[in-house]
Amino acid sequence: MRVLVLCLFLLSMSCLAAIKPVVRVVIPADQSKAISKKAETYQRIIEAALENHYQLDFISVPVTQLAQFEAESAAHRADIIVPLFEQEPQDNKLYSAHHIDKHYPVQLLYDASHVNFGVDEPAKKHLFAVTSDIAELGILPPSAGVYHADNLSQLPNLLRSRRVDGIVTYSYNVHLADPSREFQTLELVPASKVLLKFNNNIEGQRLATEFDAAMTNLIQSNQLAQYFPNNADYVHADFTHSVTLSPPVNWHVMAKKYSEDGTRLEPLPHELAFSKNLLAHMPSVNFNIEINSSRVALDTLKGDQTSCILNISKTPDRELIAHFSSPTYAFLSPRLLVLDSSPLIKKMGDYTENVASLTDLFNTHPNTRVAIVENGNTEKTLTKELNTSTLNKLYKIKDVTLTKLMTMLLSQRVDAVIAWPSHVPNIINDEDIARHITSFAISELKQRHFYSYIACSRNAEGQQIIETINKTLASPEKSEALFAPILQTMDRGSAEGFRKLILTN
């Protein structure tokens with residue numbers, strides 16, 4: 001009997017030990033697809049940090065209802081709250097040392113001849129045009145008028161016709177909201193780290209300490225990338241310097257390509273990889289990676305905080321406000337892309353050094369199907385250099401992306417495609433396919449390439465960073481490693497041209 005009692009006692013103790021304390025976690029969520037993705041990321045990170053020791057009860061609420069769960073008198077007071085766009089930590093609140101994400105900055109676009117927000121404080125009665133990912137953030141005054149648009153392409157006409165007073169969008173989408181550069185920009189909400197908010201008591205302090213210890217392990221073991229929907233958002237979250245260091249140097253990578261759903265611009269994968277590898281050579285500098293539009297990034301060069309921008313062109317005006325590095329990219333002019341298995345390759349065997357004349361090609365082989373995107377940048381470039389007769393022989397495909405055009409090439413529905421080589425790796429991004437494409441420079445194009453550079457603020461720190469970058473680029477071994485990812489996804493002709501311009505120049 002004693003043995004039975006002892007066994008029952010030990011069993012009950014083990015059951016009690018297995019019961020985890022319940023922790024209520026409130027996460028902002030809404031119908032917006034963008035916010036839903038963020039909520040999923042936040043939940044997975046918190047689970048990875050705490051679920052071994054706690055039973056996590058996640059509660060998803062609209063942004064406007066977050067405050068209801070942190071008041072001490074709240075019937076269902078939360079143990080952890082994930083705040084949105086809380087710029088300054090509140091003195092009476094307890095926050096995590098580690099962050100779980102970093103918000104992208106939000107910009108206001110406006111017509112200064114109508115309402116000059118740069119001088120006047122935004123009035124509560126103004127009407128703002130937004131898309132769903134911005135509408136649910138709760139960053140506009142409650143009494144402000146909000147016009148909901150399905151996509152960014154609708155917004156410029158609304159502002160141009162003064163049906164709205166301003167456009168509110170993320171900084172990386174400024175170009176989509178104002179492709180003609182008609183409007184002024186003003187930072188409405190700066191980039192900010194998402195810190196967890198805990199109850200400021202003994203239990204909250206213990207929970208915060210455990211969370212930060214777990215986050216340190218997750219960061220050191222490189223476990224966090226898997227919880228983000230894409231690599232760009234993970235890089236932007238910047239866990240390299242998780243606990244804030246001061247002062248930071250903002251490193252801007254431009255958003256240049258459309259996302260898969262076409263709702264936003266994203267950075268090029270090879271530019272993110274290049275940034276990561278290059279910044280690793282400067283571990284003593286607290287770089288803060290920002291995904292931005294060129295307009296917003298250029299404005300930061302004029303500020304007091306040191307900033308750097310990857311791969312921008314060099315002009316006399318920009319040299320007045322920035323130090324420039326050696327060339328970091330060579331944009332090759334549009335080239336003729338042909339599959340190695342295409343019969344056209346044999347017909348082009350007479351072209352030396354991979355340079356082809358479109359005029360000669362159409363005269364010799366008039367039935368050749370060479371495709372371009374109608375009204376795209378390639379057509380605009382060719383229009384300046386080709387005669388009308390040659391232009392009219394090109395297959396201009398309407399309402400397609402370059403991705404679809406490359407698919408037509410790979411399926412041999414066309415004989416060749418003319419495109420900017422720098423765009424191709426971000427579409428096929430497969431070195432096995434790239435090895436089976438041959439590209440030809442087009443002899444009619446006078447300018448075969450142009451360079452881009454890294455620009456840093458024109459101050460002592462910016463100059464020192466540029467000097468370090470130039471030393472790194474001057475090292476054959478280091479520069480080869482930096483450019484290897486992009487070279488591997490280029491076709492042979494483009495890779496050879498890029499190598500000559502950047503690595504052997």
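Three exercises with worked solutions follow, on a sheet and on salt bridges.

This is a predicted model, in which local features need pLDDT of at least 70, side-chain atom pairs count only at pLDDT 80 or more, and totals for chains, interfaces and linings use all residues. Residues are numbered from 1 along each chain as its sequence is written, and side-chain values use heavy atoms, without hydrogens and water.

**Exercise 1. The sheet**

Find the order of the strands in the open sheet of five, and name its edge strands.

*Solution.*
- Step 1. Recall the terms. Helices (H or I, at least four residues) and strands (E, at least two) are DSSP runs, numbered from the N terminus. Two strands pair if DSSP finds at least two bridges between them.
- Step 2. Read the order. It is β2-β1-β3-β10-β4, with mixed pairing.
- Step 3. Look for strands that pair on one side only. These are β2 (55-61) and β4 (94-103), the edge strands.
- Step 4. Check the partner of β4. Strand β10 (residues 192-198) pairs with β4 in the antiparallel sense, over six bridges. Leu94 stands opposite Phe198 in β10.
- Step 5. Add the helix. Helix α6 (residues 202-220) packs on the sheet and touches β1 (22-28), β3 (80-81), β4 and β10. Contact means heavy atoms within 4.5 Å. The direction of α6 makes about 45 degrees with that of β4. Axes are lines fitted to C-alpha atoms, for helices over the stretch in contact; angles run from 0 to 180 degrees between N-to-C directions.

**Exercise 2. A salt bridge across the chain**

Locate Arg264 and Asp233, and decide whether each is buried or exposed.

*Solution.*
- Step 1. Apply the cut-off. A salt bridge needs a side-chain nitrogen of Lys or Arg within 4 Å of a carboxyl oxygen of Asp or Glu. Arg264 and Asp233 meet at 3.5 Å, N to O.
- Step 2. Place the partners. Arg264 lies in the loop between β11 (249-258) and β12 (265-267), and Asp233 in helix α7 (residues 231-237). They are 31 residues apart.
- Step 3. Judge the burial. Buried means under 20% relative accessible area, exposed over 50%, partly exposed in between (1.4 Å probe, protein chains only). Arg264 is buried because its value is 14%. Asp233 is buried too, at 13%.

**Exercise 3. Asp299 and Lys302**

Give the N to O distance of this salt bridge, then classify both residues.

*Solution.*
- Step 1. The closest N and O atoms are 3.9 Å apart.
- Step 2. Asp299 has 40% relative accessible area, so Asp299 is partly exposed.
- Step 3. Lys302 reaches 60%, so Lys302 counts as exposed.
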